[in-house]
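Me: Please take a close look at the empty space in this model, and at the helices that pack beside it. Keep it informal, but give me the cut-offs.

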Amino acid sequence: MAKKNVVIGFMGTQLDSGQGAGRWEKWRPTISLVQHEDTLIDRLELLYATKYEALAQTLVRDIANVSPDTTVNLIPMDVENPWDFGEMYAALYDWARSYRFDPSHEQYWAHITTGTHVAQICMFLMVESRFIPGLLLQTAPPKKQERGNPGSYTLIDLDLSRYDVLAQRFSQAHAEALEFLKSGIPTRNKRFNALIEEIERVAVRSQAPILLTGPTGAGKSHLARRMYELKKSRHQVQGDFVEVNCATLRGDGAASTLFGHKKGAFTGAATDRAGLLRTAHQGVLFLDEIGELGLDEQAMLLKAVEEKRFLPMGSDREVSSDFQLIAGTNRDLRIDVAQGRFREDLFARINLWAYTLPGLAQRPEDIEPNVDHLLARATAEVGQAVRFNAEAKSRYLQFAKSKEALWSGNFRDLSASVTRMATLADGGRISTGLVDAEIQRLQWLWQPTEQAQARDVDLDALLPADVAGKLDFFDRLQLEAVVRVCRESQTLSDAGRRLFDQSRTQRSVVNDADRLRKYLLKFGLTWDEITAAADKV
């Protein structure tokens, strides 16, 4: 079904004017829009100043006379000075942001022949910045004036590479986009602010895949959704935001969830299933923990990203879906690629725009504004204003910014902490007693995390892939225990004494360090490599 043609334009107080029958002898730009026999204008959004109400009503009647199938909506737009750029842009901007565009069923043409020069420039910028998702429309009179001759019109599809001077976002719109991505939180970390500034430019200019890395709780999912909402406000996506954590996908269910299946494709497939890739058509698909996907699903995803086509399970016919992919992971996919757990070609495809979100502990200067933001949110939830007293806030922030505060859960930990204090605050005041109790709770929370990190040994990350893959289970358990002792010891000799505590008493020449060094070399390991890896945990 063909899309409807919708024209947005200013009424020309001079060019569109005319009285009596003689008005039909002159070329009027707005009237000419509906006089082309081969082009139907389904709707005209006509912007006008209310002091020209009589002229606007005349145009409505004349359009109905020439093109009864055209609907005219009169849009009052009064500005004190139509030649003032700021006033005109603000009025048009506010209208465009509140207008319900429907690009799936309508195509929009912004008429730039009428209105003041300032109004025409503002209309151009609305289209260029995608606040009006359409083309520019320019009309021209016939070479020879004659009754009923509509002249000509030209549709202009803006190519930004040809308009470098004009292709500038207003600083206000840019600042609003940055604030939106940061949820209105005045962050102070220079590295994070620079990262968000680049992400904003990429989000509104690119449809290519984006990879967000960083520790769990750093805000990858939240940022992905904010990017989608920013793109939607610019009419760059029409579909939904679809999110899935790949760590929850296993076996046939993984391919089925993502790519869909045909009835009977496997046991339990009682009906057809569309799959999340098709659900995300013309929208954004966020695959969190993409490193958890199996190799088969990775291959299918690569084809879907590159060709916008894929095969549902059990089907012999490809389906299509045009979506933008945002991927998230807390793993270093470079290591996974080197060890064969992640496809190199898929990594190359999603790594065009890659950003690492720093954890909360790496952004101590942003803790205070985030606490203020979370308190404001808690105020709305508990139904009363919640504040720290001065001493309590100072004590909490001093701990929160110290090395003792691990923030292993990142913003999830901070959100939970503020929520607890806000809920327990009598009279809406967070006291030093509440803060002290909360600090003890956080210290308890993070203590087992430190112990788990000390105990954890990732041989797959420590050993070359060809060595780790050939280890017997017995050798793996033994080597893990040896590495753990080494990391708990001050020196190689100290570790040797602990490991050979019985056999060393039966030797005439004792050299525990040399025995341990030779054992580690069997696996291609050295003391320095083991302790250096421990420092990174």
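Reply: A cavity here is a set of points on a 1 Å grid, over the protein atoms alone, where a 1.4 Å probe fits but cannot get out, while a pocket is an open set with protein on both sides within 12 Å along at least five of seven lines; lining residues have an atom within 4 Å of a point. Points join across faces, edges and corners, and volume is the space filled by probe spheres set on them. The model is predicted, with local features needing pLDDT of at least 70 and side-chain atom pairs pLDDT 80 or more, though totals for chains, interfaces and linings use all residues. Numbering runs from 1 along each chain as its sequence is written, and side-chain values use heavy atoms, without hydrogens or water.

Closed space first. There are four cavities of 30 Å³ or more, and the largest cavity holds about 90 Å³. It is lined by 14 residues, with Trp24, Lys26, Trp27, Arg28 and Gln35 closest to its centre. Its lining splits into three nonpolar, five polar and six charged residues (nonpolar: Ala, Val, Leu, Ile, Met, Phe, Trp, Tyr, Cys and Pro; charged: Asp, Glu, Lys and Arg; polar: the others, including Gly).

On to open space. The second largest pocket has a volume of about 630 Å³. Its lining takes in 28 residues, and Gly217, Ala218, Gly219, His222 and Phe411 sit nearest its centre. By class, that lining has ten nonpolar, eleven polar and seven charged residues. Four helices each put at least two residues into it: H6 (190-205), H7 (220-233), H13 (367-382) and H15 (411-424) (helices are DSSP runs of H or I with at least four residues, numbered from the N terminus).

Two of those pocket helices, H13 and H15, also pack on each other, with axes 10 Å apart and an angle of about 50 degrees (axes are lines fitted to C-alpha atoms over the stretch in contact, and angles run from 0 to 180 degrees between N-to-C directions). H13 and H15 are therefore oblique to each other (under 35 degrees is roughly parallel, over 145 roughly antiparallel, 65 to 115 roughly perpendicular, the rest oblique). Their crossing is right-handed (the near helix is turned clockwise from the far one by less than a right angle). In this contact (heavy atoms within 4.5 Å), Asn370, Val371, Leu374, Leu375, Arg377 and Ala378 of H13 meet Phe411, Leu414, Ser415, Val418 and Ala422 of H15. These residues divide into eight nonpolar, two polar and one charged. Phe411 from this contact is also among the residues nearest the pocket centre.

H13 has another partner, H14 (residues 390-400): their axes come within 10 Å and cross at roughly 125 degrees. That makes H13 oblique to H14, and this crossing is right-handed as well. Ile367, Glu368, Val371 and Asp372 of H13 make the contact with Lys393, Tyr396, Leu397 and Ala400 of H14. The tally is five nonpolar, no polar and three charged residues. Val371 of H13 takes part here and also in the contact with H15.
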